[in-house]
Amino acid sequence: MTDAMKLGYLPGNREDSNYQLSEEHVNVDIFEGFLDNDYEDPDLDRFLEEWRNRRPQVAVIGDAYNSEQAEKYQQVIDELVEEFPYRRFIVAPKCQEAFDVLDPENTTLGYANGDSPVQAEDLGPAKFRGWDVHLLGGNPHEAYNAIQKLTQPTLDDSNPANVVGYDCNLPLRMAHWEYWTPEGWQDNGHMTPRETARRSYEEIKNFLREKHIWPKTEPVELYGQPTEEPDEYLWMDDGGDPISSLEELEKAYVDEYQEKGKLAFQSESHKKFIEYREDLTRV
């Protein structure tokens, strides 16, 4: 996640997740930028409690499958906007009635483009035009196609949507096996999960830049670099998992490098391989 933020992405999470693998791994401080709800088990009160704990800049409040849900979400947003006027709140309409209830003055529409039982396409992209829109999921090609449908001129001269964001968790979901490229998913070979995810983020950024839809100002410019200060040696050749015992540390091949600080390896051969591949300079 730190690599993604350094590359210009806004870091985010779902309400039932966090940036740490466990309470023991708390050596990373990252700005809370985006918070998604657990759409498979929605609970508005639970989500709002989590939102107030994290205070993200962007939040997906919920999915509106009927007008009653849309009215409830809009009421919550009206109250939040009074207290937090510069935050962005998203509701994903899942029925036609929701468009009549939600307020374009303070609500951003979520454009369901991923693993949702009701897709934005089912409602029609034309319903989202004229609104601020955040793309919820989908691979970069699907996201770009959605942007074209939402913004290109139409025969009836309808107003384009203002596409303000796009979130995608595919780089992390696939990090153990493949990285994304415009030509498709590629086998990661001997890359670690972190290296694989970083490659996906780099490829996606380059793809969106070539399409002229990457933001001029990146979140890292607004909120600063993420803090990443390991307080213990790390296994470089095991995806960066911390050493958990004195016995592991005694068996490790440890060295310190100008680029990455102190690292530990589980074998001498892999230590030399990583030093060569990463072009590491010993201190």
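Hi everyone, let me start with one residue: Thr108 is buried, at a relative accessible area of just 2%. Before I go on, please keep in mind that this is a predicted model.

So where does Thr108 sit? You'll find Thr108 in strand 6, which covers residues 108-112. And which residues does Thr108 touch, once we leave out those up to four places away in sequence? There are Arg88, Phe89, Ile90 and Val91, then Asp132, Val133 and His134, and also Val164.

Let me step back to the whole protein for a moment. The chain has 283 residues, and 43% of them are buried. Its secondary structure comes to 11 helices and 13 strands. Looking at contacts with a separation of 6 or more, 57% are between residues 24 or more positions apart. As for the outside, the protein exposes about 15800 Å², and carbon and sulfur atoms supply 45% of that area.

Next, please find helix 3, residues 67-83. I'd like to show you two of its residues, Val76 and Glu71. Is Val76 buried or exposed? Val76 has a relative accessible area of 12%, and because the cut-off for buried is under 20%, Val76 counts as buried. Setting aside residues up to four places away in sequence, Val76 touches Leu44 and Leu48. Take Leu48: from Val76 to Leu48 is 28 residues in sequence, while their C-alpha atoms are 9.2 Å apart in space.

Now for Glu71, also in helix 3. Glu71 has a relative accessible area of 47%, so it is partly exposed. Glu71 belongs to a negative surface patch, together with Glu68, Glu97 and Asp100. Which helices supply the patch? Helix 3 and helix 4, the latter spanning 97-101, each give at least two of the patch residues.

There is a nonpolar patch on the surface too. Leu10, Leu222 and Tyr223 make it, and its area is about 280 Å². If you want a place to start looking, try Leu222, which lies in helix 9, residues 219-223. Leu222 counts as exposed because its relative accessibility is 58%, and the cut-off for exposed is over 50%.

Last topic: backbone angles. Most residues other than glycine have a negative phi. Here are two residues with a positive one, Arg55 and Asp279.

Arg55 has a phi near 55°, and it is not a glycine. Where is Arg55 found? Look in the loop that runs between helix 2, residues 44-54, and strand 4, residues 58-64. With a relative accessible area of 37%, Arg55 is partly exposed.

Asp279 isn't a glycine either, and its phi is positive at about 55°. To find Asp279, go to the segment after helix 11, which covers 268-278. Asp279 is exposed, with a relative accessible area of 60%.

So, to recap as you turn the model around: Thr108 is buried, and Val76 is buried as well. On the surface, look for the negative patch that includes Glu71, and the nonpolar patch that includes Leu222. Then finish with the positive phi values at Arg55 and Asp279. Thanks for listening!

Conventions
Residues are numbered from 1 along each chain as its sequence is written. This is a predicted model: local features need pLDDT of at least 70, side-chain atom pairs count only at pLDDT 80 or more; totals for chains, interfaces and linings use all residues. Side-chain values use heavy atoms; hydrogens and water are left out. Patches are made of residues with over 30% relative accessible area and no salt bridge: like charges are joined within 9 Å, nonpolar side chains (Val, Leu, Ile, Met, Phe, Trp, Tyr) within 5 Å. Accessible areas come from the Shrake-Rupley method with a 1.4 Å probe; for residues, only the protein chains shown count as cover. A salt bridge is a side-chain nitrogen of Lys or Arg within 4 Å of a carboxyl oxygen of Asp or Glu. Lys and Arg count as positive and Asp and Glu as negative; His and the chain ends are not counted. The place of a charge is taken as NZ of Lys, CZ of Arg, CG of Asp or CD of Glu. Helices (H or I, at least four residues) and strands (E, at least two) are DSSP runs, numbered from the N terminus. Buried means under 20% relative accessible area, exposed over 50%, partly exposed in between (1.4 Å probe, protein chains only). Contact means heavy atoms within 4.5 Å.
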